[in-house]
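Let's take a walk around one short helix and its surroundings. Have the model open and turn it as you read.

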Amino acid sequence: MAAPEAELVLKWEREQSRLRESVKEEDTEDWQRSPDFSGLEKVGGVDLSFIKGDDINACAHLVVLTYPHMKVLYEDCKMVTLNAPYVAGFLGFREAPPLLQALEKLKNVQPNLMPQVLFVDGNGLFHYREFGLACHLGVLSDLPCVGVAKNLLHVEGVVRSEEHQSQALRSSQSSIKPVYVSVGHRITLETAVRLTHTCCLYRVPEPIRQADIRSREFLRCRVLTSDIT
């Protein structure tokens with residue numbers, strides 16, 4: 001590892017450690033304690049999509065869906081340039097800033113549509129230093145956040161096994177592969193798992209799925225337009 005990158009990693013490690021102290025592993029909202037999540041009306045999802053071969057320019061997408069019907073209330077997409085380098089275990093420093101900007105824009109433009117909980121494509125506390133992207137976004141936005149990963153992260157000796165996969169969430173009846181749910185902020189693991197299950201029409205929770213589909217479609221149209229011109 002080059003000296004400048006090593007210094008950056010040390011800086012990020014200290015910042016993760018500081019922010020980790022602010023993570024709340026508890027249900028802070030009344031709707032979280034309700035058996036049917038009574039009072040929950042708006043759920044959000046975020047995604048960053050890249051054009052193949054370009055790992056700097058990305059489409060940052062935020063969607064807000066109705067709960068429990070999963071109808072899109074709001075969406076925002078924007079091409080962004082990621083200034084921070086990719087370093088495994090520090091995704092938050094690279095991807096959180098444009099996603100936080102999207103949330104801040106919504107708060108300023110249509111505050112009544114702010115999500116009551118945010119689904120993040122990635123890990124939360126299930127992370128090398130217990131501070132994945134879902135925690136990063138949760139703490140800095142102060143929103144309840146749920147991390148949902150499609151792949152099992154190897155953390156502290158946890159390996160892919162039948163025993164472990166039996167504890168992962170198979171999110172829909174048609175889904176064979178599990179997803180891995182972890183606490184991001186202001187929610188318990190039990191509630192996060194239960195909520196994730198109710199938001200899944202397919203394998204991935206609908207807020208994340210819609211953000212991913214729409215960001216990829218935005219990029220596809222952008223590439224087609226570029227080819228035409």
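How many of the nine residues of helix α3 (residues 133-141) are buried? Keep in mind that this is a predicted model. The count is seven, so α3 is largely enclosed by the rest of the structure. If you want to click through them, the buried ones are L133, A134, C135, H136, L137, G138 and V139. Just past the end of α3 comes D142, and its phi is positive, near 60°.

Now for a neighbour of α3. Two packed helices are described by the angle between their axes and the distance between the axes. Here the partner is helix α2 (residues 91-109), whose axis comes within 9 Å of the α3 axis and crosses it at roughly 40°. Angles from 35 up to 65 degrees fall outside both the roughly parallel and the roughly perpendicular classes, so α2 and α3 count as oblique to each other. The crossing of α2 past α3 is right-handed.

Which residues do the meeting? On the α2 side, look for L91, G92, F93, E95, A96, L99, L100 and L103; they meet L133, H136, L137, L140 and S141 of α3. Sorted by class, this contact has nine nonpolar residues, three polar ones and one charged one. L133, H136 and L137 turn up again here, having already appeared among the buried residues of α3.

Finally, step back along the chain to the loop between β4 (117-121) and α3, where you'll find H127. Its relative accessibility is 6%, so H127 counts as buried. A polar atom of the H127 side chain lies 3.2 Å from the backbone nitrogen of F131.

Terms used
Residues are numbered from 1 along each chain as its sequence is written. This is a predicted model: local features need pLDDT of at least 70, side-chain atom pairs count only at pLDDT 80 or more; totals for chains, interfaces and linings use all residues. Side-chain values use heavy atoms; hydrogens and water are left out. Buried means under 20% relative accessible area, exposed over 50%, partly exposed in between (1.4 Å probe, protein chains only). Helices (H or I, at least four residues) and strands (E, at least two) are DSSP runs, numbered from the N terminus. Axes are lines fitted to C-alpha atoms, for helices over the stretch in contact, and angles run from 0 to 180 degrees between N-to-C directions. Angles under 35 degrees count as roughly parallel, over 145 as roughly antiparallel, 65 to 115 as roughly perpendicular and the rest as oblique. A crossing is left-handed if the near helix is turned anticlockwise from the far one by less than a right angle, and right-handed if clockwise. Contact means heavy atoms within 4.5 Å. Ala, Val, Leu, Ile, Met, Phe, Trp, Tyr, Cys and Pro count as nonpolar, Asp, Glu, Lys and Arg as charged, and the others, Gly among them, as polar. A polar contact is a pair of N or O atoms within 3.5 Å; within protein, one must be able to donate a hydrogen and the other to accept it, and residues adjacent in sequence count only if both atoms are side-chain atoms.
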